[in-house]
Amino acid sequence: MIMGGSVHTASRVSLESRRPTTASCLTFWWKGFGEASDLNVYKYTAETVLRDPIASVRTRQSSWWNVRSVTVSSRNNWMPVFEAVSAESVRQQSGIMLDDIEITTGACLPDSYYLLFKSTGDRADSALLMLRDQRYRCATLWYFLSKSDTGCRIRIGTEQRTNATKLWTRVQFGLKQGPIPVGIHVNCGRDKEAFAAIDDLMVDEKECWQLAQSTEVFNCGDAEKRSVPVDRVCNFVWDCPNGADEQNCGTCDFATDTCGWNVESGLNKGKQSWVRKRAGELEESPPVDWTGSSKGYYLLNHAGQLLQGHRGEAIAVAPTIRNTNYMCVLQFWYNYASERRQRTECSKGEFSCGNGVCIDERDVCNYVDNCGDGSDERNCADHNLGCNFDTSFCDWVPLVPRGDFRGFWQRALPVLYPNSGPTRDHTTGLPEGTLPAAPPAPVTTSAPVCPEGTFSCGGGTEECIPQSQVCDFKRQCSDGSDEAQCGACDFSQDMCGLTSRDPNSKYLWNRISTQDVAKGPNKELPIKDRNNNPQGFYVAYTNTNKDVPYRRNDLLTPILGRIAHSCIVSFYSFMKPKWVMTLRFGVEENDTSLMIPGLHKTFAEVEGHNTWTRSAVKVGNWNPGYRVRF
């Protein structure tokens, strides 16, 4: 698409029509040249024509090709449409090149994005984000500003924010109507390292004053008679000096009271209700609490005699918990005498979750897992009241700056170092933007007897495959066991096929339990894994054989199959600067010697940090027979 010198600022190209799909992954490679342009990707159907783009990319001139994937779902026949948009006037031939467009069955691997504005060092540079639909009256967003004396500032609505933030910060603002369009404006000073980011925009047709938070206050009960707004109660932050605002917030062993749980309401009356009881107080009730103490207390729901055709229901309501997100976990212990359960129908105005829970319909598609199983945050593609920027700009339009301005809003992934952007997006709170999946439960089976030179698949089958097909990034075994021990690992179960080059060296790579570190004498190692879990595992380079002379010892994956051009290896490392160590990552050719690496190439060197630090490295094309080494 070449647009330089044309009177038209937009150009479109489409592919042939395709059948309906529940989930297809559209992948394409792009490269920009000349001045900056916008590349928008649409899902065209005869029913909806061109709605909001399913993906938006800001293209700039570069010497390399960039890849992008987006998941498409459609109930009707559809076709992909690529749209290139340039500024109204350009001084040189400019445009976008597309190549290797591929559509495969199944959803793409998810990424999570935010909008990022990077300073260019020119005080005149700025960017504006406009909302297409003018019927909305109030908006909220989360923003992040870097620390800099000459850094960025965001003007959102009638407010201007200039102070640096250490965390994502929420702001609510009015979308006033009038001849001047309302937008989100950002500009930066002379500091080229400064940046501003926004995420999780939500809009509402109500005025902000109608959505205003409560003006009630909570009395701290201290000698100074301090009080805090009730909206700061139970938000996991001590606002009262004595912490009274976080005392009765649901965490409870019921030893003295119900800790804020309401069991006195009219919803919890009748022959079947929740009551606080001592262990074993009622006949046939559990004789001990969850800790095994006969002196403990718990909430008990003891079903009485109900009239025929009537259903008993007991409801204990927790205090209002604020400031929660995807990382919030509710943990409780339960003991019941019958497994017979009856699912209830949700009322009008409620959403029925996949796990049977009923929630308010207004809590659907708000970037919070209110159901507990994530079902309220699925199928939100047509939900136009919010935008998390994971796939596109939604209803917000990033205006292409004119003239020599080089600043612009761009969708960005979390970065490695906090001086160049937020290290986590707001939607999920994780560097990857997605929640880690629980490891599958191990299956104990008897291994089948396979001929020499072949691999025995698990899962209770008699499958045998050639050894050359193991760790080739393709599942030949029906249970996937041929790709299970190939180096990708969270170390929760084992080493996933990773081994030390020399098992008899002074220093070995060992699987470490964070609980053992916390109890042991070595306080230099981290007591939490990279997920901040005090019960996790990781692999560490430790002095295992103290009487053996020191020699460098690498951590190796098994021999891998063909490594594709698009292959990216990501890992987390923890090294204190005082250790004076460097972690090198690379690829090497397999060698029959245990001690000497074969043909190899180093791709990255990681220096010490006092925290878990993520690295992501593109390794390029490699023939079968190579392996990754640390």
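# Disulfides, strands and cores in a predicted model

Cys 489 and Cys 496 are joined in a disulfide, with their sulfur atoms 2.1 Å apart. This is a value computed from a predicted model, and so are the other values in this report. The torsion about the S-S bond of Cys 489 and Cys 496 is 60°, and the link is right-handed. Are the two partners buried or exposed, or does one of them fall in between? Cys 489 has a relative accessible area of 26% and is therefore partly exposed, while Cys 496, at 10% relative accessibility, counts as buried because the cut-off for a buried residue is under 20%.

## Further disulfides

How many disulfides does a search of the whole structure find? The search finds 10, and among them are the three set side by side in this table.

| Disulfide | Distance between sulfur atoms | Angle about the S-S bond | Hand |
|---|---|---|---|
| Cys 152 and Cys 188 | 1.8 Å | 95° | right-handed |
| Cys 457 and Cys 477 | 1.9 Å | about -65° | left-handed |
| Cys 489 and Cys 496 | 2.1 Å | 60° | right-handed |

The disulfide of Cys 152 and Cys 188 has its sulfur atoms 1.8 Å apart, and this pair links distant parts of the chain, since Cys 152 belongs to strand β11 and Cys 188 to strand β14, 36 residues apart. Both ends of this link are buried, with a relative accessibility of 4% for Cys 152 and of 3% for Cys 188.

For Cys 457 and Cys 477, the torsion about the S-S bond is about -65°, so this disulfide is left-handed. Cys 457 lies in the loop between β25 (454-456) and β26 (464-466), whereas Cys 477 lies in the loop between β26 and β27 (499-500), so the pair ties together parts of the chain that are 20 residues apart in sequence. Cys 457 counts as buried at 2% relative accessibility, and Cys 477 also counts as buried, at 2%.

## The loop between β26 and β27

The loop that holds Cys 477 also holds two residues with an unusual backbone angle to look at in the structure. Cys 471, placed in the loop between β26 and β27, has a positive phi of about 60° although it is not a glycine. Phe 473 is found in the loop between β26 and β27 as well, and has a positive phi of about 70°, although Phe 473 is not a glycine either. Which of these residues is buried, and which is partly exposed? Cys 471 counts as buried at 3% relative accessibility, but Phe 473 is partly exposed, with a relative accessible area of 49%.

## The chain and one of its sheets

Turning to the protein chain as a whole, one finds one helix and 35 strands. Of the 630 residues in the chain, 39% are buried, and the accessible surface comes to about 37700 Å², of which carbon and sulfur atoms account for 50%. When contacts between residues at least 6 apart in sequence are considered, 67% of them join residues that are at least 24 apart.

Strands of a sheet pair through backbone hydrogen bonds, in either a parallel or an antiparallel way. In this model, an open sheet of four strands follows the order β1-β6-β3-β4, and the pairing is antiparallel. Its edge strands, each of which pairs on one side only, are β1 (10-14) and β4 (55-59), and from one strand to the next the twist averages 20°. Strand β3 (residues 37-44) pairs with β4 in the antiparallel sense over five bridges, and Ser 37 stands opposite Thr 59 in β4.

## Two nonpolar cores

In soluble globular proteins, nonpolar side chains tend to be buried together. The largest nonpolar core here has 32 residues, of which Leu 129, Leu 141, Ile 154, Ile 184, Ile 198 and Trp 409 touch the most other members. Several elements give two or more residues to this core, including β8 (114-118), β9 (126-131), β10 (138-145), β11 (152-156), β14 (183-188) and β15 (195-204). A second, separate core of 31 residues includes Cys 477, Cys 486, Val 569 and Phe 571.

Which residues does Ile 154 touch, leaving aside those up to four places away in sequence? The contacts of Ile 154 include Tyr 143, Leu 145, Ile 184, Val 186, Ala 196, Ala 197 and Ile 198, and also Glu 159, Gln 160, Arg 161 and His 185.

Notes: Residues numbered from 1 in each chain as written. Predicted model: local features only at pLDDT ≥ 70, side-chain atom pairs only at ≥ 80, totals over all residues. Heavy atoms only, no water. Buried < 20%, exposed > 50% of the residue type's maximum accessible area, 1.4 Å probe, protein only. Contact = heavy atoms within 4.5 Å. Areas by Shrake-Rupley, 256 points an atom, 1.4 Å probe, with all protein chains shown as cover. Pairing = 2+ DSSP bridges. Axes fitted to C-alpha atoms, helices over the stretch in contact; angles between N-to-C directions. Core = buried A, V, L, I, M, F, W, Y, C linked by side-chain atoms within 4.5 Å. Disulfide = S-S within 2.5 Å.
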